[in-house]
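Dear colleague,

Please find below the structure I agreed to pass on to you. My notes on it follow, for your consideration.

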Amino acid sequence: MKTMWWREMRSLLIVPMFRCLVAICLVISLLVFVESLYMNIVVIYVKLFKRKPEKIYKWEAMQEDMELGNQNFPMVLVQIPMYNEREVFQLSIGAACRLIWPLDRLIVQVLDDSTDPTIMEMVNIECGKWATKGINIKCERRDNRNGYKAGALKQGMRHSYVKTCTYIAIFDADFQPEPDYLQRTVPFLIHNSELALVQARWKFVNAKKCLMTRMQEMSLNYHFTAEQESGSTRHAFFGFNGTAGVWRLAAMEEAGGWKDRTTVEDMDLAVRVGLHGWKFVFVNDVAVKSELPSQFKAFRFQQHRWSCGPANLFRKMTMEIIRNKRVTIWKKLYVIYSFFFVRKIIVHFFTFFFYCFILPMSVFFPEVNIPTWSTVYFPFMITLFNAIATPRSFYLVIFWVLFENVMAMHRTKGTFIGLLEGGRVNEWVVTEKLGDALETKLLPQVRKPRYGFLDRINSKEMMVGIYILCCASYNLVFGKTLLYIYLYMQALAFIIAGIGFVGT
């Protein structure tokens with residue numbers, strides 16, 4: 001009797017529900033694939049027809065005027081926000097002070113929110129050292145950390161000397177621009193009055209540190225090569241990366257300046273400036289050295305912020321975007337659908353839910369057909385697009401897929417929290433920098449506490465790993481497909497992450 005009841009319930013309720021979930025995933029799979037294909041077609045167009053920014057916008061090298069001298073160079077403010085950056089503050093301050101620009105037309109502003117007295121003193125000494133070399137450098141501090149990075153940048157803009165500047169370059173504490181950075185980016189803003197932002201690409205000094213940093217390099221290279229390049233070329237709009245960019249001060253002020261309502265103040269500012277009709281340009285040929293988080297815990301916190309913040313901003317700005325009268329309906333559609341909905345919201349849900357829940361669960365529902373195009377062809381194409389962005393890591397592509405699926409769990413959780421404004425929606429944990437750019441450390445290092453095996457256990461990854469492992473074993477024993485090969489690999493990836501054997 002119980003067996004009959006279960007069969008009835010399975011055929012009338014459970015199987016139809018599972019079919020419905022599969023159908024939803026197939027639709028989303030199509031949306032994600034089309035978006036990825038669209039971005040890569042734009043990138044191919046850019047490469048084939050050599051549509052570099054210098055061909056789209058006017059660009060002329062800055063020249064010293066015989067009569068005016070340096071006065072024809074605009075005033076540029078370089079902002080470096082930091083918080084207890086013991087390992088890297090010398091790198092960022094030194095790189096900013098070495099920028100080639102007339103000394104009387106450059107102000108370096110160090111926004112130090114440090115709470116460690118020793119680090120504060122070291123920052124003071126470093127700023128003093130460059131001041132003696134003729135650099136106009138200011139070290140500004142607050143008596144609180146309200147608004148975190150956005151609060152520091154907002155406070156920094158209130159100083160009187162900022163009003164003398166026309167453009168503002170921003171670099172996080174682990175970023176090291178090349179000396180010619182301003183010479184290559186500022187002319188875009190000078191000669192094109194419609195441009196508000198020039199964004200440079202990131203280059204990673206510690207990409208070879210471990211397998212996890214190699215995976216991050218592949219993802220971020222694709223972000224710049226596809227997302228930023230296509231957004232810049234087709235729509236003159238993309239998300240500001242929070243660093244390695246130069247802003248037009250007038251555009252920032254027109255849009256209301258920095259706001260700390262989310263943990264993605266950079267994206268918030270970019271969307272508001274874009275809605276005022278300003279254009280952005282991404283310059284792929286200009287690369288700024290930076291550091292990737294090499295510890296799994298630090299990377300998880302970073303990914304939480306990078307997924308939670310955009311989702312929360314989407315919740316807060318959707319109606320503002322719809323009601324906007326300054327831009328075309330097509331640009332509003334692009335921002336809402338492509339920029340936010342597909343790339344920042346559903347891609348995380350889909351990746352985790354389909355590949356780590358639905359696909360493993362399908363071994364118990366052999367009567368539900370999941371098309372090969374959704375499990376093989378589309379994923380293969382999307383993976384290929386990503387791998388092409390970092391050719392030297394092509395042989396790691398399988399590891400990258402498995403690792404991205406693991407991280408999709410954290411991104412999905414962060415996205416949920418952002419959309420629902422949960423308890424950790426405004427959590428900001430500064431990504432720990434280890435100074436991996438340095439072969440010889442400039443400062444004495446603080447010994448990090450050693451953690452035992454149990455302290456490294458990540459329960460969520462372990463639970464998902466065990467679930468997928470059970471599904472794989474069932475498929476091996478009772479199934480008629482080879483799905484268990486993928487499931488065993490994915491389960492192993494989750495379990496490895498679960499026991500903390502990821503990163504350094």
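**Helix α12 and its surroundings**

The buried residues of α12 are S374, F378, P379, T383, F385, N386 and A387. Please bear in mind throughout that this is a predicted model. One of those buried positions, P379, is also the centre of a kink of about 25° in α12. The length of the helix is nevertheless as expected: at 1.5 Å a residue, the 17 residues of α12 should span 24 Å, and the end C-alpha atoms are 23 Å apart, which agrees.

The loops on either side of α12 each hold a residue that deserves a note. P366 is located in the loop between α11 and α12, and P366 is exposed, with a relative accessible area of 70%. S393 belongs to the loop between α12 (372-388) and α13 (397-420). Is S393 buried or exposed? With a relative accessible area of 0%, S393 falls under the 20% cut-off and is therefore buried. Leaving aside residues up to four places away in sequence, S393 touches R214, E217 and M218.

**The sheet and helix α7**

Seven strands make up an open sheet with mixed pairing, in the order β3-β2-β1-β4-β6-β5-β7. Its edge strands, each of which pairs on one side only, are β3 (137-140) and β7 (279-290). Direction ignored, neighbouring strands of this sheet are turned by 20° against each other on average.

Within the sheet, β5 (residues 195-204) and β6 (residues 245-248) pair in the antiparallel sense over three bridges. V198 has V246, in β6, as its bridge partner. Helix α7 (residues 211-235) lies across β5 and β7, and runs at about 155° to β7. The residues that S393 touches, R214, E217 and M218, have numbers that fall in the range of α7, 211-235.

**Nonpolar cores**

Which residues touch the most other members of the largest nonpolar core? They are V78, I93 and W247, in a core of 142 residues. Helix α11 (residues 329-361) gives the most to this core, with 15 residues. Another core, of five residues, lies apart from it and includes M39, Y222, A226 and F385. F385 is thus a member of this second core and also one of the buried residues of α12.

**Two residues with positive phi**

K50 and N84 may merit a look at the backbone. K50 has a positive phi of about 50° although it is not a glycine, and N84 likewise has a positive phi of about 50° without being a glycine. K50 is in the loop between α1 (2-48) and α2 (53-56), whereas N84 is found in the loop between β1 (76-82) and α3 (89-97).

How accessible are they? K50 has a relative accessible area of 53%, over the 50% cut-off, and is therefore exposed. N84, with a relative accessible area of 23%, is partly exposed. Finally, P366 and N84 are 282 residues apart in sequence and 55 Å apart in space, C-alpha to C-alpha.

With kind regards

Terms used
Residues numbered from 1 in each chain as written. Predicted model: local features only at pLDDT ≥ 70, side-chain atom pairs only at ≥ 80, totals over all residues. Heavy atoms only, no water. Core = buried A, V, L, I, M, F, W, Y, C linked by side-chain atoms within 4.5 Å. Buried < 20%, exposed > 50% of the residue type's maximum accessible area, 1.4 Å probe, protein only. Helix = DSSP H or I, 4+ residues; strand = E, 2+ residues; numbered from the N terminus. Contact = heavy atoms within 4.5 Å. Expected span 1.5 Å × (residues − 1). Bend = angle between axes of the 7 residues up to and from the residue. Pairing = 2+ DSSP bridges. Axes fitted to C-alpha atoms, helices over the stretch in contact; angles between N-to-C directions.
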